[in-house]
Amino acid sequence: MERGDWKVPRLKACKRCKALTSKEVCPVCGSRDLTINWEGLVAIVDPVRSELAKRLGIESSGLYALRVME
Amino acid sequence: MVKRAEYEGLGIKSIISVPSVRGYLFVEADREFDVRRLVSAVSRAKLLPGSPVSMEDIETMLRREPEKIELETGDIVKIIKGNFKGYRALVVSPPTGGKGFVTAKLLDINRDWEVRLPVDSIQLEKKAGEVEGEEESEEEVWYSGLGESA
Ligand SMILES: [Zn+2]
């Protein structure tokens, strides 16, 4: 894999909850404060049982940025 | 890959890609068997031999973010965000105080153009001194910001 691979292009990250979306509104918290400046990708498949989700404070399944800039 | 993890009823709980550990994905699952099945369904992926990575190790990795970039004058960086994304640039003045901005001259462009870039928008491409085959004219005044220009 190359650098930057698996980073799904054109997805925006919610500055509030870090959820990734291709829409203009965050599917998780409804915020419109989105940015393309994000890195690291977390896919939460099973939010109830995932230890990672717990540690990152993520409560619903989906794609999230690890870090959102600004 | 994520879709597969969801739809195939595997015991996959999460998948994470950490920027500082490029090229690897970490899959959280109950059993290695689940990971193995996921990996076998993705042509470009393969499972590394060895024991599972603990959640503590993952957390350590996450804490290590953000990656610190040590930049010096003369380094070549690649711009990965913003208006100049995709360009390479030559560092003219490195960030001071550990954080902030670098001033760099854009390469791959027929103009003498200096820009100020936040350090998180660049990636180190080549350290100063490792430069090879660069077609830069040495007469270019890229110290202009330092008061050398007439
Ligand atoms: Zn949100």
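This report describes a predicted model of two chains, A and B.

## Confidence

The model scores ipTM 0.84 and pTM 0.58. For chain B, the mean pLDDT is 74. In that chain, 73% of the residues reach 70 or more.

Confidence varies along chain B. Among its elements, helix H1 (residues 2-7) has the lowest mean pLDDT, 64. Strand S4 of chain B has the highest, 91. Over residues 131-150 of chain B, pLDDT stays under 50. For this stretch the model has 16 contacts beyond four places in sequence.

## Chain A

Chain A has 70 residues, of which 34% count as buried. It holds one helix and five strands. From the N terminus, the order is β-β-β-β-α-β. Take the contacts in chain A between residues at least 6 apart in sequence: 41% of them join residues at least 24 apart.

Three strands of chain A form an open sheet in the order S2-S1-S3, with antiparallel pairing. S2 (20-21) and S3 (34-35) of chain A stand at the edges. Each has a single partner strand, so one side of each lacks a neighbour in the sheet. S1(A) and S2(A) pair over two bridges, in the antiparallel sense. Here A:Lys12 stands opposite A:Thr21 in S2(A).

## Chain B

Chain B has 150 residues, and buried residues make up 20% of them. Its elements are three helices and seven strands. Along the sequence they follow the pattern α-β-β-α-α-β-β-β-β-β. Of the contacts in chain B with a separation of 6 or more, 42% are between residues 24 or more positions apart.

Strand S4 (residues 88-93) of chain B pairs with strand S3 (residues 76-79) of chain B. The sense is antiparallel, over three bridges. B:Val77 stands opposite B:Ala89 in S4(B). S4(B) also pairs with strand S5 (residues 101-106) of chain B, again antiparallel, over four bridges. In that pairing B:Ser93 stands opposite B:Thr103 in S5(B).

## B:Arg88

B:Arg88 is found in strand S4 of chain B. This residue counts as buried because it has 20 C-beta neighbours inside 10 Å, and 20 or more is the cut-off for burial.

Beyond four places in sequence, B:Arg88 is in contact with B:Ile76, B:Val77, B:Lys78, B:Leu107, B:Asp108 and B:Glu125. One of these partners, B:Val77, is eleven residues away in sequence. The C-alpha atoms of B:Arg88 and B:Val77 are 5.6 Å apart.

## The contact between the chains

The contact takes 22 residues from chain A and 22 residues from chain B. On the side of chain A that touches chain B, S4 (38-44), helix H1 (51-56) and S5 (62-68) of chain A each supply at least two residues. S4(A) gives the largest share, six residues. By type, the residues on this side of chain A are twelve nonpolar, three polar and seven charged.

Strand pairing also crosses from one chain to the other. S4(A) pairs with strand S1 (residues 12-17) of chain B in the antiparallel sense, over four bridges. The bridge partner of A:Leu41 in S1(B) is B:Ser17.

## Nonpolar cores

In soluble globular proteins, nonpolar side chains tend to be buried together. The largest nonpolar core in this model has 29 residues. Those with the most contacts inside it are A:Ala13, A:Ile44, A:Tyr64, A:Ala65, B:Ile12 and B:Val27. From chain A, S1 (12-14), S4, H1 and S5 each supply at least two residues of this core. From chain B, S1, S2 (26-29) and helix H2 (32-40) each do so. The largest share, five residues, comes from S4(A). S4(A) thus recurs: it gives the largest share of the side of chain A that touches chain B, and it pairs with S1(B).

A second, separate core has eleven residues. Among them are B:Phe84, B:Ala89, B:Ala104 and B:Leu117. B:Ala89 is also the residue that B:Val77 stands opposite in S4(B).

Definitions and conventions: Residues are numbered from 1 along each chain as its sequence is written. Chains are lettered from A and ligands numbered from 1 in the order in which they are written. This is a predicted model: local features need pLDDT of at least 70, side-chain atom pairs count only at pLDDT 80 or more; totals for chains, interfaces and linings use all residues. Two residues are in contact if their C-beta atoms, placed from the backbone, lie within 7 Å. Ala, Val, Leu, Ile, Met, Phe, Trp, Tyr, Cys and Pro count as nonpolar, Asp, Glu, Lys and Arg as charged, and the others, Gly among them, as polar. Two strands pair if DSSP finds at least two bridges between them. A nonpolar core is a set of buried Ala, Val, Leu, Ile, Met, Phe, Trp, Tyr and Cys residues joined through C-beta atoms within 7 Å. A residue is buried if 20 or more other C-beta atoms lie within 10 Å of its own, exposed if 12 or fewer, and partly exposed in between; C-beta atoms are placed from the backbone. pLDDT is the predictor's confidence in each residue, from 0 to 100.
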